[in-house]
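Here are a few exercises to work through with the model open beside you. Try each task before you read its solution.

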Amino acid sequence: MKEVTIYTDGACSGNPGPGGWGAILEYNGHMKEISGGEEMTTNNRMELMAAIRSLSLLKEPCEVNLHSDSKYLVDSILKGWVFSWEGMGFMKKGKPVPNTDLWKELLALIRLHKVNLIWVKGHADNPNNNRCDEMAVAEWKRIRAGR
């Protein structure tokens with residue numbers, strides 16, 4: 001099974017507001033940067049979108065070390081919250097779980113691949129996480145400027 005390393009980050013100006021995400025995929029000495037954004041979104045949605053878009057690029061099942069500074073993303077999976085929400089029809093305390101559409105997409109992808117989630121401290125000494133943040137911020141700035 002191929003081993004891929006992914007770094008992701010999401011950013012938002014206002015919450016909700018214009019948002020962006022960035023990701024770096026590394027495989028066999030090659031690196032690919034991807035990014036995108038939305039006009040009206042939240043930081044959590046952008047964090048999830050970065051993971052979804054990067055995992056979606058993989059053409060076959062891989063072992064993935066996915067690094068994220070999002071406690072929302074990492075804890076929801078590692079602590080099993082998302083699986084509990086899934087078992088309850090994505091309802092929590094009688095209300096729909098936020099971002100259900102993205103959680104469903106992400107769950108399908110993590111079941112296709114062997115994903116090891118690794119939390120990294122944001123805005124610290126990790127150059128790949130910092131680069132993902134730069135791409136995410138550039139996306140929301142581009143959207144806010146109307147370009």
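**Exercise 1: The surroundings of a tryptophan**

Find which residues W103 touches, leaving out those up to four places away in sequence.

*Solution.* Start with W103 in this predicted model. Leaving out residues up to four places away in sequence, W103 touches L48, Y72, L73, S76, I77, V82, W85, F90, V97 and P98. Next, look at the wider setting: the largest nonpolar core has 32 residues, and W103 is among those that touch the most other members, together with L55, V64, L66, L73, I77 and L106. Then trace where the core comes from. Two or more residues each are given by strand 1 (2-12), strand 2 (17-27), helix 1 (43-56), strand 4 (62-68), helix 2 (71-78), helix 3 (81-87) and helix 4 (100-112). Helix 1 supplies the largest share, 7 residues. As a general background, nonpolar side chains tend to be buried together in soluble globular proteins.

**Exercise 2: Helix 2 and its cover**

Decide whether helix 2 is mostly covered or mostly open, and say what covers its buried residues.

*Solution.* Begin with the count: 6 of the 8 residues of helix 2 are buried, so the helix is mostly covered, given that buried means under 20% relative accessible area. The buried residues are Y72, L73, V74, D75, S76 and I77. Now look around them: their cover includes helix 1, strand 4, helix 3, helix 4 and strand 7 (114-119). Finally, step past the end of the helix, where G80 follows with a positive phi, near 80°.

**Exercise 3: A lysine in a loop**

Locate K59 and work out whether K59 is buried or exposed.

*Solution.* First, place the residue: K59 lies in the loop between helix 1 and strand 4. Its relative accessible area is 83%. The cut-off for exposed is over 50%, so K59 counts as exposed. For a sense of distance, compare K59 with M91: the two are 32 residues apart in sequence, and their C-alpha atoms are 32 Å apart in space.

**Exercise 4: Cysteines and disulfides**

How many disulfides does a search of the whole structure find?

*Solution.* The search finds 0 disulfides. Check C12: the nearest cysteine sulfur is that of C132, 17 Å away. A disulfide needs sulfur atoms within 2.5 Å, so C12 is in none. Looking from the other side, C132 is likewise in no disulfide, and its nearest cysteine sulfur is that of C12. As for accessibility, C12 counts as buried at 19%, and C132 is buried at 0%.

Key:
Residues are numbered from 1 along each chain as its sequence is written. This is a predicted model: local features need pLDDT of at least 70, side-chain atom pairs count only at pLDDT 80 or more; totals for chains, interfaces and linings use all residues. Side-chain values use heavy atoms; hydrogens and water are left out. A nonpolar core is a set of buried Ala, Val, Leu, Ile, Met, Phe, Trp, Tyr and Cys residues joined through side-chain atoms within 4.5 Å. Buried means under 20% relative accessible area, exposed over 50%, partly exposed in between (1.4 Å probe, protein chains only). Helices (H or I, at least four residues) and strands (E, at least two) are DSSP runs, numbered from the N terminus. Contact means heavy atoms within 4.5 Å.
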